[in-house]
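Reader: I would like a close look at a single part of this model, set out with the cut-offs behind each term. Please add whatever backbone geometry deserves a careful reading beside it.

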Protein chains: 2
Amino acid sequence: ILYRGMDSWEEVVGRIRTLHTDTLRKLATRCEDRFMAGQKDHLRFGTDSWSHFRLTAGKPCCEAGDAVYYTASYAKDPLVNYAIKICRSKVKETQQQFFHSLAVRQSLALHFNIQQDCGHFLADVPARLLPWEETQGGDEEDDEEEEEEEEEEQGEEEDVEGQMKKDDEKRKPANRTPDARPSAADGRPEEPSPHMNSRGSLRSRVVVITREVPFQTVADFVRQGASRHARNPELYERQVCLLLLQLCSGLEHMKPHHVTHCDLRLENLLLVHCLPGSPANPAEPNNNNNNQGNAVGGGGGGGGGSGPANTANANANAAAATCPARLIISNFSQAKQKSRLTAGDTGTLRDQSRLAPEIITATQYRKCDEFQTGILIYEMLHRPNPFEETPELKEREYTWADLPPLPLRSLYSQGLQQLASLLLTVNPSERIRMVEARACLQCLLWGPREDLFQALGATAATAQPTAVSDAGQRETTLQNWLDLKRTLMMIKFAERSLDTGSGVSLEDWLCCQYLAFASTETLSRVVNILQQP
Amino acid sequence: ILYRGMDSWEEVVGRIRTLHTDTLRKLATRCEDRFMAGQKDHLRFGTDSWSHFRLTAGKPCCEAGDAVYYTASYAKDPLVNYAIKICRSKVKETQQQFFHSLAVRQSLALHFNIQQDCGHFLADVPARLLPWEETQGGDEEDDEEEEEEEEEEQGEEEDVEGQMKKDDEKRKPANRTPDARPSAADGRPEEPSPHMNSRGSLRSRVVVITREVPFQTVADFVRQGASRHARNPELYERQVCLLLLQLCSGLEHMKPHHVTHCDLRLENLLLVHCLPGSPANPAEPNNNNNNQGNAVGGGGGGGGGSGPANTANANANAAAATCPARLIISNFSQAKQKSRLTAGDTGTLRDQSRLAPEIITATQYRKCDEFQTGILIYEMLHRPNPFEETPELKEREYTWADLPPLPLRSLYSQGLQQLASLLLTVNPSERIRMVEARACLQCLLWGPREDLFQALGATAATAQPTAVSDAGQRETTLQNWLDLKRTLMMIKFAERSLDTGSGVSLEDWLCCQYLAFASTETLSRVVNILQQP
């Protein structure tokens, strides 16, 4: 059986192709296990574990749109860092939003690019951990006392709405807050509990424990990247593509759950350092390995790059990978979820079958995230939101020509322009879908690139074939391209086995996902989309 | 340029083949760098470093034919273990043999399977480190005193012979011996120096520092393997093949240097634990990872084994690899070296050109190691040396039929029988060469196997082709086999990149060497040799 067909070249080539594909799929899965090792543990911290958390620094590690994050350690597992997310808004509004976003997020399966919480509490937080509130004067505290009074009433109200799962946690509003000092050697706080302090220095806030410790938001990345964008546009725009790819992956994951984020903005997208690491030491979030402003010129797993000469310096690139960080979608407070009754309950289904589609809950939000992603492309490339700049655009059926052009700064600019236009298409039915946007970004990052498109065109021109054989030749060329890229990817993994450093990078994994699940059909489709006039 | 030929399937398949071959060659080289990391440092310990060595255990780690080995650590690099080799024989005879073997070994380039010393001394060794001498009574010491007197005279004699490079080291006979206790915290011995002890407890011996710490000899392995051979013949005989392959590699390496060992016996072949490890921690020789009597049924990188199902449990096998250990050829005291003048000096060449070949020095030893390797095959498979059992065999022109048959116990038995017969061929000109023996072992270990040979035959039979197209089909089949095996090897390396354990094993490296440098010609030749009737 083993050697059947060994005399047939075609059969052996087919088997090698199958082996490569199957192995890349397996490697993609193993990478996922490794990169999500901590997250898949399904940690749940109850109210009783709250006092075992200690902040490891007095300053926030990240200031996001809806919350401020502090790095913290858990006494029972002190080597792993966690983030304590302290929501910015006052308890009343936060709580409603938070339990709404909690309900939405709990309906989603785990995903690498979607924030996951390991526990949440209503807690009294020392005012010094809320530095942004200091400017707001003293009327704050009165508000809060009101809120706390209202809270007991609201509790039942929210239960009725079915938005709150953990009301026992919610009903304990006065949990002790972790202190900002590193924990003392004996594990006990050196000062009296902050709870005992004057009432004025504490604020009641929703706090969340998350496994992933963000070091900045994409807003920070874009702001800090302005000069890098001018200095090294190739690298900066490649990094933008890698972040957008992760964003699209996360958003694509939400589609089958009928969830739309509806508030995609730079400050709601968090960046987390990403080192696969060994299971023994899964989290070293303070290591800056992936965030160094390196000078790899868009190379990495780069598109056309092939041949053994190119794999030689792949090792040098391994540590200094292009991908700036793992992107995490946060703040689901504005998220819309299409009622699940639509599909489940047949009675409701019968009722709804008589309604116009735009009336069914959340249907009008279906392509909202696509649109917002289009705006993010402008903003990440340091251009203003076209609809903020020209608000009257939205008043009419604008065309692609009405959208401001993105400057052509790198290999990626034109493709990103094309993608932004497709995402900002005025008619939602004609607007590109998230799955296609993701495929476009993969194609921009790892090919096939323009030169192959041109080769495809050239073949067609010289041979002057019929439409049928043209399609056949196109398919062959794409299959050949895929075979070669898969071989190169396999070689990259093989060489990583002898690397002493961090091994497989996030970019390796993302590229492996692409090549493992691409086919000539998907490639052909995305090439057509990107070549649209 | 990148996409030239991307429309041609043949060209892409050819490029993938080239990429696989080139990458495997590069990986084989990188494996060598990793497995020989310590050895390639070219450490040389002078007499002055002798006092910085401390034995880490009071018992020998290995008792070989010519010497006893103790594990030792070097004060300036305490994490790395060394072996102290104390030669068994008394100084006079040892010295002659030792400096002869030193000269021979120094003429060889570094090799993974050939013992290398990092320094050698004449030292006074406490009698308790020479336990085998205790039974010999008290006349010992008188002998030694004589030896020490003779030594000064001999020194000059040996210089004349050009066999001694380090006479300054040799002229310091009374170096302090490392103590058998672990070094004290302050780095100073707790007792007075052994040199100060009564003269009677010290013996003057040649001692050698080696980087590789042997844990047993192949003789020990064979003795301990007797029951395993009966219980799990598939695994035991595969391990024998892996050891023989390493032996043949080492001996093949000696051929261009015109060196013949001439004393290949089980107790002169040492086994060293072999973990590639990271450069940061290159040596953990006490780790038993590779020596566990595991139950992997000859699988590992096993010959025909192919398909993704097989690679799935490759991970499980990674830690418990089949290869029992690294084999090191030791004791070059009987080695013969053909005078290098033959090739270099034209005057000598002219003189020698008139002599019959058997008269030129060491020419008669040319195929001696091949013969002794044939005997070792019998002994490693728990059969007596055929010429010890039937001494009269050598008196006549025996044929293969006269050699005792090896019992057919495993997949490997028949091939080993064939190889032993080829190595024991009475006429040295007809005897198989070392390079071919090495190729046979690779073929036995990793294929192509019988079933492919039969497929080759079947194709020939059904198609009834001419001799020419038969050869063409054979070549195609072998090339297809090689392409598929190389793909599988690449996949194995790729999967190792995500293994958390030791990563690439010695067996992976040995197999990679084979596949990287095999061609349809070499495969065809070895298949012919193993199929000889």
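Author: What follows begins with one strand and its partners, and then turns to a sheet, a helix pair and some backbone details.

The model is predicted, and local features therefore need pLDDT of at least 70 and side-chain atom pairs count only at pLDDT 80 or more, while totals for chains, interfaces and linings use all residues. Residues are numbered from 1 along each chain as its sequence is written, chains are lettered from A and ligands numbered from 1 in the order in which they are written, and side-chain values use heavy atoms, with hydrogens and water left out.

The part chosen is strand β4 of chain A, residues 77-87, where strands (E, at least two residues) and helices (H or I, at least four residues) are DSSP runs numbered from the N terminus. This strand is mostly covered, with eight of its eleven residues buried; buried means under 20% relative accessible area, exposed means over 50%, and partly exposed lies in between, for a 1.4 Å probe and protein chains only. Strands of a sheet pair through backbone hydrogen bonds, either parallel or antiparallel, and two strands are called paired here if DSSP finds at least two bridges between them. β4(A) pairs in the antiparallel sense with strand β3 of chain A, residues 67-74, over eight bridges, and the two form a hairpin with two residues between them. Within this pairing, A:Y70 has A:I84 in β4(A) as its bridge partner. β4(A) also pairs in the antiparallel sense with strand β6 of chain A, residues 202-210, over four bridges, and A:A83 has A:T210 in β6(A) as its bridge partner.

In chain B, an open sheet of three strands runs in the order β7-β9-β10, with antiparallel pairing. Because β7 (214-217) and β10 (326-329) of chain B stand at the edges with a single partner strand each, one side of each has no neighbour in the sheet. From one strand to the next, the twist averages 35°. Strand β9 of chain B, residues 269-272, meets β10(B) over four antiparallel bridges, and B:V272 stands opposite B:R326 in β10(B).

Back in chain A, helix α1 (residues 9-35) and helix α18 (residues 506-517) pack at an angle of about 145°, with their axes 9 Å apart; axes are lines fitted to C-alpha atoms, for helices over the stretch in contact, and angles run from 0 to 180 degrees between N-to-C directions. The contact (heavy atoms within 4.5 Å) includes A:L24, A:L27 and A:F35 from α1(A), and A:W509 and A:L515 from α18(A).

Two backbone features remain. A cis peptide bond joins A:G447 and A:P448, with omega about 0°, and A:P448 lies in the loop between α15 (434-446) and α16 (450-463) of chain A. In chain B, the bond from B:G447 to B:P448 is likewise cis, with omega near 0°. Positive phi in a residue other than glycine is found at B:H258, near 55°, in the loop between α7 (233-254) and β8 (259-260) of chain B, and B:H258 counts as partly exposed because its relative accessibility is 35%. B:N331 has phi near 55°, again a positive value in a residue other than glycine, and is placed in the loop between β10 and β11 (336-337) of chain B; at 10% relative accessibility, B:N331 counts as buried.
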